[in-house]
Amino acid sequence: MNDALLRIDDYSLSYTTAHGSLPVLDGVTLSVAPGEVVGVVGESGSGKTSLAWAIMRYLAGNAIEHGGSIQLQGEELTTLKAARLRALRGGRLGMVFQDPSAALNPTLTLGSQMLEMLTRHRGVSRGEARRIAIETLGDVDLKNPESMLARYPHELSGGEKQRALIAGAFACRPACLIFDEPTTALDVINAAQVLELFGRLREETGVAALYISHDLALVSRIADHVCVLEKGRIVERAPGRKIFAAPDHPYTQSLVAAVPNPRRRLVAESEIAAHANARERPPLLTLRGISVDYGQRTTLARWLKRPDPRFRALNPFDLEIAHGEIVGVVGESGSGKSTLAKALTGLVNHRGEILLDGEAVSSTPRGRADYRRRVQLVFQHPDGSLNPRQRIGELIGRSYRLYGLPEGETLSQAVARSLEEVRLDPTLASRYPHELSGGQKQRVAIARAFAARPDVVICDEITAALDVSVQATVIALLLDLRRRHGTAYLFITHDINLIQQIAHRVAVMYRGDRVELSSAEELADGPKHAYTRALLAATPTIASSARVIDDEFSAPTMDQE
Amino acid sequence: MNAGYVGRRLLTTVYTLLVVSFLVFAMTQLLPADAAVTLLGNSATPEALASVRAQLGLDQPAWWQYWHWFSGVLSGDFGQSMRTGQAVAPMMFGALGRSLLLAFLALVLMLVIAIPLGIVSALRRGKAADLIIGIISYVGISLPEFVTATVLALLFADVLGWLPATGYVPLTEDVAGWLAHMILPTLTVSMILVAHVSRMVRSEMVDVMASDYIRAARLKGLSSRRVVLHHALRNAMLPTITIVALDVGYLLGGIIVVEEIFAIPGIGRALIVAVQSRDLPAIQAGVLIIAATYALANFLADLAYAWLDRRIQYA
């Protein structure tokens, strides 16, 4: 342990808030040997990002350190002078950030942002730095490196930006690099390329790395050792390969259990049989040739013969959803999956036909209101979809006011029952959204949708912003509600592992087209379309990391069954 | 910068000016002033009035008058002053030149003072320096220019006797004299703008300094100077440019008051004289010139914005 490159010893940190001192890191001890990759896994609030800031010596003004040491190659960082620190940062101690779009200055070219690092840390002239930058970009398979240097960040794709940033960090010859969720903001396939690049550069340079992520499946695949961080403490440290197969600590076990495993279906097979019978009835929802165009062409633009700015976000799309069926829609950002949700709920104009119970939706106000009641939508970000100035009771009560109370119930009784149905304390009705956690807010959004007694609920990435353990409970809740009310779901997600667990059928979207529509079994046996295969290959799964998962550890998600 | 963007902005500017010319003309039509009466006085005979009206084209329909006036404007002819009988254009453009010099000085002085003040108070947010700059700024914002002007004139001209209180010396005759006469008006005009713009720079700078890309720049190991001046200032200046362009409109309004107080023969004074003597061609020319200056300032601001932030051109 003495030859450790980065060494953190009994380090503690807290933040001073209006409500007193908030402990963030508690006696953290870890070390990274030369050439080693150590993963740090934890959920939001575990302190994993604070750990990165502590190492980079970039702490918020209200941070208070309570002893412990952080050493890089034997040099103590916690007491380092500012000038020495600047020489280290970006040089021997580099960092790669979560969102490459946010980490790049929008008003400076990529070249200017790469060159300033190289001249600073390699001590070369601008001309030489330029040569190195071009060589580096070419090295990571970015096309036309010369013209790329002259481009502004908005002219590059997210994957290109992140690859350029990683290449730049490596080009400064670091001893240790800190990666803070470098693939979270990227699409699956871009993320896979970035990971591949990381693996290659690491092998070539032998750099040591601390890889911070919430994604246990991903970290266990690339890290030599994984540290599991819970509420500021490292509760388990184990080799990457072992952590899935045999997690020791109960917290790690619950984390592993919550990771979606495509092999483990959460919808009982008997239900699928029942669902086959349901198909005899007319489908609940029929979509015929639904397509959406964005943008509009002004008369002036037409006169001036400007190029048509309209583009098709969704090509004609057909789908039938049976009563009680869960249909998954998977795709990357820009694939048209959220556009589909917006079209179905009338948030954007569309062409094509929507049938409800085999009949065209009436265009009378009453008919439209009936459709809106029966087809409900839950959004990705509850912060955006819950009015911050309304209490939870008002938010849910609004559905009852619009669509009528169940017989024999008062408004407050109905709201209380709604909250109980989503396993929230009925007293929360008098709270405001900001007083709730992310998972609780999403439950409120679900309760609001179900207060309308819908036949189908469209879930647009509703778990994407949640921690994996919270995601598991929200999914369990949805399945429970479906069992009670027979609700169908159109479940939109980028997570192909998750969708394989719960969907009866899965539609795969790519650039506005539905490239595949398969049953879950067909998808598991082997997808038909090349894009689906690429998507599956790029997705790290728990199954590819560990073969055996004890059923006992699956408790949190299975208790509803 | 792509030519299409510049062309589009230019087209918008020209269109704005067309609308303004129409409004200016319509306004003078509505004024309760009869040009013939203004020229000949109240005791003129009806025959004399009628012949002057025919001579000026006042008996023609409004659209014809507009076209007559507007085609003149396009060739640089704003008509004859009713007060002096001389051509309006050279008089107004001469006044405009003196005003623009004053405005330019005020603008430069304002930027030189306001941007560093804004940066310092943003970087030392909540510290004593920020507080003091803040208090001075708010005092500056809340004082109208006629108060500032009077106080400055009292202090520097009457009490200290360092500078002349009023008057104007042409730049071409005596540079030092010109400068001495310009210092107080320039200070007065820039005072309120300094306060306004430094607050703007401060709040933008605070936001930008908290952004992810500034954090990334710091963690690259760049010096504070480079982070602030190269990475942050550029972004903080973007909304500020828009504000400065809007302030040019204010500047032109403020100049009218300041020119009157310090007796500088600029466009503001010329306009006041024109209004007082109901000199319609001079009023039209003055308003149109001020509007054109304002439109041009906004056009330049758009170009500066697009040059600093290349994403703009695609919007």
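Let's start inside chain A, where the side chains of A:Arg484 and A:Asp480 meet in a salt bridge, with 3.3 Å from N to O. Keep in mind that this is a predicted model. Why can these two pair up along one helix? They are four residues apart in helix H20 (residues 468-485) of chain A, so about one helical turn separates them. The two partners sit in different surroundings: A:Arg484 is partly exposed, at a relative accessible area of 48%, while A:Asp480 comes out at 12% and counts as buried. The pair also belongs to something wider, since salt bridges with shared partners link A:Glu409, A:Arg417, A:Glu421, A:Arg423, A:Asp480, A:Arg483 and A:Arg484 into one network.

Staying with chain A, another salt bridge joins the side chains of A:Asp370 and A:Arg374, at 4.0 Å from N to O. Here again the spacing is about one helical turn, because the two residues are four apart in helix H15 (residues 365-374) of chain A. This time the acid is partly exposed, A:Asp370 having a relative accessible area of 34%, and the base is buried, with A:Arg374 at 13%. That distance is worth a glance if you like to poke at cut-offs: a salt bridge here needs a Lys or Arg side-chain nitrogen within 4 Å of a carboxyl oxygen of Asp or Glu.

One more pair to click on is A:Glu75 with A:Arg84, a salt bridge whose closest N and O atoms are 2.8 Å apart. A:Arg84 is partly exposed, at 35% relative accessible area. How many salt bridges are there over all chains? The structure holds 36.

Now for the annotation on chain A. UniProt, in an unreviewed entry, lists "domain: ABC transporter" at residues 6-256 and 287-536 of chain A. What do the two spans look like in secondary structure? Residues 6-256 are 41% helix and 27% strand, and the end C-alpha atoms lie 27 Å apart. For residues 287-536 the figures are 40% helix and 24% strand, with the end C-alpha atoms 27 Å apart.

Helix H14 (residues 337-344) of chain A is a good place to look at packing, being mostly covered: six of its eight residues are buried. Which ones are they? The buried residues of H14(A) are A:Lys337, A:Thr339, A:Leu340, A:Ala341, A:Ala343 and A:Leu344, so a lysine appears in that list alongside alanines and leucines. Just after H14(A) comes A:Gly346, which takes a positive phi of about 80°.

For a contrast with that covered helix, turn to A:Lys143. This residue sits in the loop between helix H5 (126-139) and helix H6 (145-149) of chain A, and at 69% relative accessibility A:Lys143 counts as exposed. If you want a ruler across the chain, the C-alpha atoms of A:Lys143 and A:Val515 are separated by 28 Å, with their positions 372 residues apart along the chain.

Next, the cysteines. How many disulfides does the whole structure have? A search over all chains finds zero. A:Cys176, for instance, is in no disulfide, and the nearest cysteine sulfur, that of A:Cys227, is 13 Å away. The picture from the other end matches: A:Cys227 is in no disulfide, with the sulfur of A:Cys176 nearest at 13 Å. For a pair to count, the sulfur atoms would have to be within 2.5 Å. Are these cysteines buried or exposed? A:Cys176 is buried, with a relative accessible area of 0%, and A:Cys227 is buried too, at 1%.

That leaves chain B. UniProt places "domain: ABC transmembrane type-1" at residues 96-301 of chain B, again from an unreviewed entry. Over residues 96-301 the chain is 83% helix and 0% strand, and the end C-alpha atoms are 20 Å apart. The domain assignment cuts chain B in its own way, giving domain 1 (3-74) and domain 2 (93-276). The centres of these two domains of chain B, taken over C-alpha atoms, are 36 Å apart.

Finally, have a look at the surface of chain B. B:Leu131, B:Ile132, B:Ile135, B:Ile136, B:Val139 and B:Leu143 make a nonpolar surface patch of about 570 Å². One of these, B:Val139, lies in helix H6 (residues 128-142) of chain B. At 44% relative accessibility, B:Val139 counts as partly exposed.

Conventions:
Residues are numbered from 1 along each chain as its sequence is written. Chains are lettered from A and ligands numbered from 1 in the order in which they are written. This is a predicted model: local features need pLDDT of at least 70, side-chain atom pairs count only at pLDDT 80 or more; totals for chains, interfaces and linings use all residues. Side-chain values use heavy atoms; hydrogens and water are left out. UniProt positions are given in the numbering used here, feature names are shortened, and annotations may be inferred rather than shown by experiment. Patches are made of residues with over 30% relative accessible area and no salt bridge: like charges are joined within 9 Å, nonpolar side chains (Val, Leu, Ile, Met, Phe, Trp, Tyr) within 5 Å. Accessible areas come from the Shrake-Rupley method with a 1.4 Å probe; for residues, only the protein chains shown count as cover. Buried means under 20% relative accessible area, exposed over 50%, partly exposed in between (1.4 Å probe, protein chains only). Domain bounds come from an automatic or database domain assignment.
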